Amino acid sequence: MKEMQEEYSRHEADYQKVLCPYIGLVCAAHVEDGKYHSAQVTELLQDEGMMARVVLVDIGFCRVVQSCSLRRISDKFLVLPAMAIRVS
């Protein structure tokens with residue numbers, strides 16, 4: 001997780017912005033805790049001003065974030081599968 005924060009907190013990380021998000025996109029999302037998390041876009045909320053609903057795949061939370069906070073995810077962060085599992 002620390003490596004992901006370092007990767008996406010650099011100023012040059014702006015070139016990794018997702019320009020056209022789509023449902024199913026695997027990406028890094030900057031959320032309210034101020035950190036980047038591995039995420040998957042589940043819904044685009046254009047009525048909300050270009051927002052996206054994402055699932056944070058390593059912790060299982062759903063969040064609504066601004067589309068401009070999404071970054072292309074580096075291959076090195078795709079080595080492990082999603083770590084969250086659904087419990088009913």
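Here are five short exercises, each with a worked solution, on the predicted model shown above.

Residues are numbered from 1 along each chain as its sequence is written. In this predicted model, local features need pLDDT of at least 70, side-chain atom pairs count only at pLDDT 80 or more, totals for chains, interfaces and linings use all residues, and side-chain values use heavy atoms, with hydrogens and water left out.

**Exercise 1: The overall fold**

Task: Find how many helices and strands the protein chain has, and in which pattern they follow one another.

Solution:
- Step 1. Begin with the count: the protein chain has 1 helix and 5 strands. Both are DSSP runs numbered from the N terminus, helices being H or I over at least four residues and strands being E over at least two.
- Step 2. Now walk along the sequence, and the pattern reads α-β-β-β-β-β.
- Step 3. Add the burial: 35% of the 88 residues in the protein chain count as buried. Buried means under 20% relative accessible area, exposed means over 50%, and partly exposed lies in between, with a 1.4 Å probe and protein chains only.
- Step 4. Finish with the surface: the accessible surface of the protein chain is about 6000 Å², and carbon and sulfur atoms hold 55% of it. These areas come from the Shrake-Rupley method with a 1.4 Å probe, and for residues only the protein chains shown count as cover.

**Exercise 2: The sheet**

Task: Work out the order of the strands in the sheet, and which strands stand at the edges.

Solution:
- Step 1. The 5 strands make an open sheet in the order 4-3-2-1-5, with antiparallel pairing. Two strands pair if DSSP finds at least two bridges between them.
- Step 2. Strand 4 and strand 5 are the edges; each has a single partner strand, so one side of each lacks a neighbour in the sheet.
- Step 3. From one strand to the next, the twist averages 50 degrees.
- Step 4. Go through the pairs. Strand 2 and strand 3 are antiparallel over 6 bridges, and A39 stands opposite L56 in strand 3. Strand 3 and strand 4 are antiparallel too, joined by 5 bridges, with R53 opposite V64 in strand 4. Strand 1 and strand 5 share 3 bridges in the antiparallel sense, and A28 has R71 of strand 5 as its bridge partner.
- Step 5. Place the helix: helix 1 packs on the sheet and touches strand 1, strand 2 and strand 5, its direction making about 65 degrees with that of strand 2. Axes are lines fitted to C-alpha atoms, for helices over the stretch in contact, and angles run from 0 to 180 degrees between N-to-C directions.
- Step 6. Look at the turn: strand 3 and strand 4 form a hairpin with 5 residues between them, where G60 has a positive phi of about 85 degrees.

**Exercise 3: The nonpolar core**

Task: Name residues of the largest nonpolar core and find which strand supplies its largest share.

Solution:
- Step 1. The largest nonpolar core has 12 residues, including V18, L25, V41, L56, V65 and L70. Such a core is a set of buried Ala, Val, Leu, Ile, Met, Phe, Trp, Tyr and Cys residues joined through side-chain atoms within 4.5 Å.
- Step 2. At least two residues of this core come from each of strand 1 (26-30), strand 2 (36-45) and strand 3 (51-56).
- Step 3. Strand 3 gives the largest share, 3 residues.
- Step 4. Apart from this core lies another, of 6 residues, among them M4, Y8, A28 and I73.

**Exercise 4: V65 up close**

Task: Decide whether V65 is buried or exposed, and list what V65 touches.

Solution:
- Step 1. V65 is found in strand 4 (residues 62-66).
- Step 2. V65 counts as buried because its relative accessibility is 5%.
- Step 3. Not counting residues up to four places away in sequence, V65 touches H30, V31, M51, A52, V54 and L70. Contact means heavy atoms within 4.5 Å.

**Exercise 5: Q16 and K76**

Task: Say for Q16 and for K76 whether the residue is buried or partly exposed.

Solution:
- Step 1. Q16, in the loop between helix 1 (2-9) and strand 1, is buried, with a relative accessible area of 7%.
- Step 2. K76, in the segment after strand 5 (70-72), counts as partly exposed at 42% relative accessibility.
- Step 3. Leaving aside neighbours within four places in sequence, Q16 is in contact with E7, Y8, L70, R71 and R72, while K76 is in contact with E3 and E7.
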